[in-house]
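User: I would like to learn how to read charged side chains and strands in a model. Could you take me through one case step by step?

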Amino acid sequence: MGAYVSAVKRLEDFSGSIAIVVSSCDAFFDCWRPFAFFFRKFWPACPFPVYLVVNELGIRSRFIQPLAVGQDGGWASNMQVVLERVRESHILYFQEDYFLTGPVDEAQLAQDIEFAWERDAASLCFADLSLLEADFAEIAERCSLVPMNSEGRTRLQVTLWKRDVLASLLRTGEDAWNMEARGSERTRDLQMYSYGSKA
């Protein structure tokens with residue numbers, strides 16, 4: 001008999017476990033249309049539900065679902081409401097001005113998600129955080145373990161998060177900049193990864 005070869009994962013294999021959450025509020029409604037345009041253009045076959053955080057404004061879209069949180073309570077308070085309503089175990093975090101600029105490489109993304117799954121990662125950031133620090137440990141071709149003492153462990157770039165982990169890091173009243181500045185201290189015991197490698 002031949003050697004066992006594990007099945008190659010596809011994005012569809014993670015549907016039901018991942019939701020895309022686009023952080024926003026009504027004040028930034030002018031970003032919603034271009035976000036939707038470029039998302040649909042460059043990721044038309046996205047297999048995950050896409051939720052846009054709104055306060056009270058409505059949207060009309062066949063593929064983006066509004067998630068209304070009511071009066072704006074600030075970034076962390078809004079996200080607390082959102083994460084209580086999202087049922088998937090993981091979220092792929094965007095912000096409304098993170099416009100896709102080219103086609104999503106679904107095969108690579110599936111590989112990276114599987115990488116995070118296999119390691120039970122708290123998060124996987126799809127930005128190269130190793131550019132900011134010298135002591136990243138290269139783990140794989142694209143992904144690195146973020147140093148435990150890093151002050152950049154909670155940068156709010158496009159990131160795959162365990163939903164319950166992100167919820168546990170939120171502090172009522174914090175804005176996104178507070179989260180980036182203060183949140184890393186809350187993650188010292190978590191396995192967090194990002195794109196990046198030792199140059």
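Analyst: Let us begin with one charged pair in this predicted model: D112 and R142 form a salt bridge in which the closest N and O atoms are 2.7 Å apart. The two partners come from distant parts of the chain, 30 residues apart, with D112 in helix α3 (residues 106-118) and R142 in the loop between β6 (137-138) and β7 (143-145).

User: Is D112 buried or exposed, and how does R142 count?

Analyst: The general idea is to compare the relative accessibility with a cut-off, a residue being buried when the value is under 20%. D112 has 2% and therefore counts as buried, and R142, at 18%, counts as buried as well.

User: How many salt bridges does a search of the whole structure find, and which residue does D120 meet in one?

Analyst: The search finds seven salt bridges. In one of them the side chain of D120 meets that of K162, with 2.6 Å from N to O. Because D120 lies in the loop between α3 and β5 (123-128) while K162 belongs to strand β8 (residues 159-162), this pair ties together parts that are 42 residues apart in sequence. K162 counts as buried, with a relative accessibility of 18%.

User: What should I look for in the pair of R182 and E174?

Analyst: Here it helps to read the distance together with the burial of each partner. The closest N and O atoms of R182 and E174 are 3.7 Å apart; R182 is partly exposed, with a relative accessible area of 48%, whereas E174 is buried at 6%. Salt bridges can also share partners, and in this way E151, E185 and R188 are joined into one network.

User: Which side chain of opposite charge is nearest to E96, and what polar contact does E96 make?

Analyst: For a buried charge, one checks for a salt bridge and then for other polar partners. E96, in the loop between β4 (90-95) and α3, is buried yet has no salt bridge, and the nearest side chain of opposite charge, R33, is 15 Å away. The side chain of E96 does, however, make a polar contact of 2.8 Å with that of S24. Leaving aside residues up to four places away in sequence, E96 touches several others, among them V22, C25, F28 and W32.

User: How many residues of β4 are buried, and which of them point one way and which the other?

Analyst: In a regular strand the side chains alternate between the two faces of the sheet. Six of the six residues of β4 are buried, so this strand is largely enclosed by the rest of the structure. H90, L92 and F94 point one way, while I91, Y93 and Q95 point the other way. Strand β8 is likewise covered on both faces, with T159 and W161 buried on one side and L160 and K162 buried on the other.

User: Which strands pair with β4, and in what sense?

Analyst: To read a pairing, note the direction of the two strands and then the residues that stand opposite one another. β1 and β4 run parallel over six bridges, and V22 has F94 as its bridge partner in β4. β4 and β8 run antiparallel and are joined by four bridges, with L92 partnered by L160 and I91 by W161. β8 is also joined to β5, in the antiparallel sense, by three bridges, where C125 stands opposite T159.

Terms used
Residues numbered from 1 in each chain as written. Predicted model: local features only at pLDDT ≥ 70, side-chain atom pairs only at ≥ 80, totals over all residues. Heavy atoms only, no water. Salt bridge = Lys/Arg side-chain N within 4 Å of Asp/Glu carboxyl O. Helix = DSSP H or I, 4+ residues; strand = E, 2+ residues; numbered from the N terminus. Buried < 20%, exposed > 50% of the residue type's maximum accessible area, 1.4 Å probe, protein only. Lys, Arg positive; Asp, Glu negative; His and termini not counted. Polar contact = N/O pair within 3.5 Å; in protein donor to acceptor, adjacent residues only side chain to side chain. Contact = heavy atoms within 4.5 Å. Pairing = 2+ DSSP bridges.
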